[in-house]
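Here is a short briefing for a first look at this chain. Start with the overall order of its elements, then move to the details.

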Amino acid sequence: MKKDIHPEYRKVVFLDTSSDFKFLSGSTKESNETIEWEDGNTYPLIKVEISSDSHPFYTGKQKADRVGGRVDRFKKKYNMK
């Protein structure tokens, strides 16, 4: 690989602003904010609006729109049952 063309890969803390859930991960994303983690070290802080803690797919709180799908709307439009 060429030197000095890749961003720095380091550990950062991601904060889900909707649920205050935090997790430590690796990233090349930069931030001016920092936070002290559970291990006593200080890491850059990246704020995100949604994570696995608040996303409906992972929480199981997603809406299942079974009624009124494309087939149902087609059948209703053409008076089919």
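What pattern does the chain follow, read along the sequence? The pattern is β-β-β-β-α-α. This is a predicted model. The chain holds two helices and four strands.

**The chain as a whole**

- The chain has 81 residues, and 17% of them count as buried.
- The chain exposes about 7400 Å². Carbon and sulfur atoms supply 49% of that area.
- Take the contacts in the chain with a separation of 6 or more. Residues 24 or more positions apart account for 34% of them.

**The sheet**

- Four strands form an open sheet, in the order β2-β1-β4-β3. The pairing is mixed.
- β2 and β3 are the edge strands, and each pairs on one side only.
- On average, neighbouring strands of this sheet are turned by 45° against each other, direction ignored.
- Strands of a sheet pair through backbone hydrogen bonds, either parallel or antiparallel.

**How the strands pair**

- β1 and β2 are antiparallel partners, with seven bridges between them. In this pair, V13 has L24 of β2 as its bridge partner.
- β1 covers residues 10-16 and β4 covers residues 42-48. These two strands run parallel and are joined by four bridges. One bridge links D16 to V48 in β4.
- β3, residues 34-36, pairs with β4 in the antiparallel sense. Three bridges connect them. I35 has Y43 of β4 as its bridge partner.
- β3 and β4 also form a hairpin, with five residues between them. In the turn, G40 has a positive phi of about 90°.

**The nonpolar core**

- Which residues make up the largest nonpolar core? There are six: V13, L15, I35, W37, Y43 and L45.
- β1 and β4 are the elements that give two or more residues to this core.
- V13 has many listed contacts beyond its neighbours within four places in sequence. Among them are the core residues I35, W37, Y43 and L45.
- V13 also touches K22, F23 and L24, as well as P44 and I46. L24 is thus both a contact and the bridge partner of V13.

**Strand β2, residue by residue**

- F21 lies in strand β2. Is F21 buried or partly exposed? F21 has a relative accessible area of 30%, so it counts as partly exposed. The buried class ends under 20%, and the exposed class starts over 50%.
- Leaving out residues up to four places away in sequence, F21 touches F14, L15, D16, S51 and D53. One of these, L15, belongs to the largest nonpolar core.
- F21 and I50 are 29 residues apart in sequence. Their C-alpha atoms are 9.6 Å apart in space.
- G26 is also found in β2. G26 is partly exposed because its relative accessible area is 28%, which falls between the 20% and 50% limits.
- G26 touches Y9, R10 and K11, not counting residues up to four places away in sequence. The C-alpha atoms of G26 and K11 are separated by 4.3 Å, although the two are 15 residues apart along the chain.
- S27 is in β2 too, a strand that spans residues 21-27. Why does S27 count as buried? Its relative accessibility is 12%, and buried means under 20%.
- The side chain of S27 reaches the backbone nitrogen of K29 at 2.9 Å.
- Leaving aside neighbours within four places in sequence, S27 is in contact with E8, Y9, R10, V12 and F14. Y9 and R10 are touched by G26 as well.

**The end of the chain**

- How many residues of helix α2 are buried? The count is zero among its eight residues, 70-77, and the helix is hardly covered.
- An α-helix has 3.6 residues a turn, so residues three or four places apart point the same way.
- Just after α2, N79 takes a positive phi of about 50°.

Key: Residues numbered from 1 in each chain as written. Predicted model: local features only at pLDDT ≥ 70, side-chain atom pairs only at ≥ 80, totals over all residues. Heavy atoms only, no water. Pairing = 2+ DSSP bridges. Buried < 20%, exposed > 50% of the residue type's maximum accessible area, 1.4 Å probe, protein only. Polar contact = N/O pair within 3.5 Å; in protein donor to acceptor, adjacent residues only side chain to side chain. Contact = heavy atoms within 4.5 Å. Core = buried A, V, L, I, M, F, W, Y, C linked by side-chain atoms within 4.5 Å. Axes fitted to C-alpha atoms, helices over the stretch in contact; angles between N-to-C directions. Areas by Shrake-Rupley, 256 points an atom, 1.4 Å probe, with all protein chains shown as cover.
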